[in-house]
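Grab a coffee and let's poke at this one together. The sequence and model come up next.

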Amino acid sequence: MNKIWLIVQREFLNRVQKKSFLVATILLPLIFPALMAVLVYVAVEQKKNAKKEVILYIDESSYFKPDTAKFLFSPFTGSLEEGKKAFEASENFGLLYIPTFELAAPQGIKLFTKINPSPNDISDLEKVIANQVRDLKMIELHVDPEVLNKLKTVVNIESVKLSEGGQEKSSDSKVLFGVGMAGGILMYMFIFIYGAQIMQGIIEEKMSKVVEVIVSSVRPFQLMMGKIVGLASVGLLQFLIWIVLISTLSTVVLGFFGLQSPSQDMMQMNEQAQQVAAQGGTLALLNTLSQIPWTYVIVCFIFYFIGGYLLYGALFAAVGSAVDSPAEAQQFMFPITIPMLISYFGLFTFILEDPHGTISVWLSVIPLTSPIAMMGRIGFGVPDWQLALSMILLAGGFVLTTWFAARIYRVGILMHGTKVSYKVLAKWFLQKG
Amino acid sequence: MNALAARGVTKRYANHTALNQVDITVPEKTIYGLLGPNGAGKTTLIRIINQIINADEGEITLFGERLKPEHIGVIGYLPEERGLYKKLKVGEQLIYFARLKGLNQHDAMAKIKVWLDKFEIKDWWNKKVEDLSKGMAQKVQFISTVMHEPRLIILDEPFSGFDPVNAQLITDEILELKKKGSTIIFSTHRMETVEDLCDHIALINKSKQILEGTKKQVKAQYKSNTFSVSHKGTFSFSDPAFEVIEQRPVEDNFHQSTVKIRSTAGPNQLIQELTKVTEVHAFIEKVPTMSEIFITLVKGESHE
């Protein structure tokens, strides 16, 4: 035990004393918000200054009323052929051709463009026309335009989560989506980066041939665990520093934007009511952010980071011990990357879309996928029994992979120049000490 | 007391037996040569002694006690596949190794300083290993093997990759360590080393121990009762107890002969016989070199 501790210390100091650690730890939390701020700024500026694309239109039906929300429409009188020529000579975005059509079945509407239009552009145009056709149909059915206007309503559902104590918590699912996504991606990155470092460290020990010197003083298992735990503590330290830096920075940044963003919105919205609504939106965002149980989320993150990292770290260690160079390691990465990728894609396709669906629950319970999957779900609230089951299985999972990895490791580290295949690994695994 | 005794040590792998009922006995304060061709099982035996792997059968005792984890601290092991952490500084590295061997920070520091002083490399403390030359790294590697004053030192092919200057330096240190009471096990196939340094030897071939004893005993066992004689003129024996195997002229009228005793007669009788037939200028018993014994045994086995 004492020796594992010595190895943990050594590995920890080795990494922490490196300049690259200092740079990554201090600069990353600065770079990310800075990058985000720049992107947001650019996006806002672009939206403010964006010139709307111009679409020429030939309306033979005389039903079309230009709607300038997204595009500017300029009418063209003449035949379609003439229109095409005029369009080709112009800088316009597109040429919309509306032939005469039956209201019951509008057909033959075409959009000519020089570049492929995005699906969004098409569906926006479709909506504009569909709305107008619907209005026309209403009029044909003798519905008062006044009534029509009254029919238009904007609905905003504010979702409120009732917790067990009966307390009301407003929860903005978009914010929770963001939190889940960030947590999942962060977990994915952490496991991969630190797992790969274990593997690299072990390959280095094999390549520099220091490993047999070490295992004459400590058990191979002690060396492996020391390395895994040492790097885990580096990862945790880095994570904690990030939390402190990011929360300090975001308090500052949010404070700044919290005052700033409504006034920016004001430029685009002139109605008093909308300004209030916008301010409400910002407040709601801050409100949701402040109501997320951060301590709970962070504690869970730390647990799943340690569990997931140990689980995968052991597998990375096994791979590192089996090969003589990083290039050779590639062939054994498959069993590690597949569950990682499944959890990563599961995060986007299932978990964030439907955090309480069957697949999401399973993904967050099975040990190989749970670290990433659970981070995606955690903000949405996970039943205690699922969380407990998932944690117990994760702990069991890493005991299992560590046992498995140790059996390969103890043989692998002493092998040089052997051609290793999965069959050879199986043989090592079954070999007696 | 024996520094090390192995009895019936066996290690099997899926496709082959690495060690088959191997016995060796290493008396304390001796230099013991563990010989054998590549793949004979020497490294496996050494790894078992170092508790890197476990034997399937057999028993090993170290200084009279059954092998146990604490013994790691009394052994200094220089493996054949050896190296250092390239990014670590010499001082840090040696302290780390010493502490893994069970020394505390303070003792480790003191002992390492003594060795660095001895090799006059004190100012390397803060140098990274990757900045050292190969010869310099070898010295550091040797220090890391012996700094914790191990009672048993195991050197696997210690001179492979060492330049002659360092090899000599290390030979001197090994002899001094022996004088101070350490027991040294050499695993090697460099026969000059064995000839020069070893008191005891064992030969392992094809997973089995096929020869063990003091160098003298082994040589006595394999001597062929032949003698080399320098003499004036030519001669032949009338007595069938003696036989001239080879006779060739050297210069002037001097000749060099190889003579074999074919009976229980001793060297004195041979000299008496020789003086009757020729003028003897030099007379020496032909003792087989370790290299000859090694080749005879290993080749003989593979011909079976």
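What follows is a handful of questions and answers on sheets, the chain interface and salt bridges.

This is a predicted model, where local features need pLDDT of at least 70, side-chain atom pairs count only at pLDDT 80 or more, and totals for chains, interfaces and linings use all residues. Residues are numbered from 1 along each chain as its sequence is written, chains are lettered from A and ligands numbered from 1 in the order in which they are written, and side-chain values use heavy atoms, with hydrogens and water left out.

Q: Which strands are the edge strands of the open sheet in chain B with the order β12-β13-β11-β14?
A: Strands here are DSSP runs of E with at least two residues, helices are runs of H or I with at least four, and both are numbered from the N terminus. Two strands pair if DSSP finds at least two bridges between them. The pairing in this sheet of chain B is antiparallel. Those that pair on one side only are β12 (242–249) and β14 (279–286) of chain B.

Q: Which residue of β13(B) stands opposite B:Phe227?
A: Strand β11 (residues 226–232) and strand β13 (residues 254–261) of chain B run antiparallel and are joined by 7 bridges. Opposite B:Phe227 in β13(B) stands B:Val259.

Q: What angle does the direction of helix α8 of chain B make with that of β14(B)?
A: Helix α8 (residues 267–277) packs on the sheet and touches β11, β12, β13 and β14 of chain B, contact being heavy atoms within 4.5 Å. Axes are lines fitted to C-alpha atoms, for helices over the stretch in contact, with angles from 0 to 180 degrees between N-to-C directions. On that basis the angle is about 155°.

Q: Which helix packs on the sheet β2-β1-β4-β5 of chain B?
A: This is an open sheet of 4 strands with antiparallel pairing, and its edge strands are β2 (17–27) and β5 (65–66) of chain B. The helix touches β1, β2 and β4 of chain B, and its direction makes about 65° with that of β2(B). It is α1 (residues 42–49) of chain B.

Q: How much area do chain A and chain B bury between them?
A: Buried area is the accessible area (1.4 Å probe) that two parts lose on being put together, summed over both. The contact takes 24 residues from chain A and 28 residues from chain B. Of the buried area, 55% is on carbon and sulfur atoms, and the total is about 2600 Å².

Q: Which residue of chain B forms a salt bridge with A:Lys209?
A: A salt bridge needs a side-chain nitrogen of Lys or Arg within 4 Å of a carboxyl oxygen of Asp or Glu. Across the interface of chain A and chain B the rule finds 3 of them. For A:Lys209, the closest N and O atoms are 3.0 Å apart, and the partner is B:Glu81.

Q: How many residues apart are B:Lys11 and B:Asp56?
A: Their side chains meet in a salt bridge (3.8 Å, N to O). B:Lys11 is in strand β1 of chain B, while B:Asp56 is in the loop between α1 and β4 of chain B. The pair links distant parts of the chain, and the separation is 45 residues.
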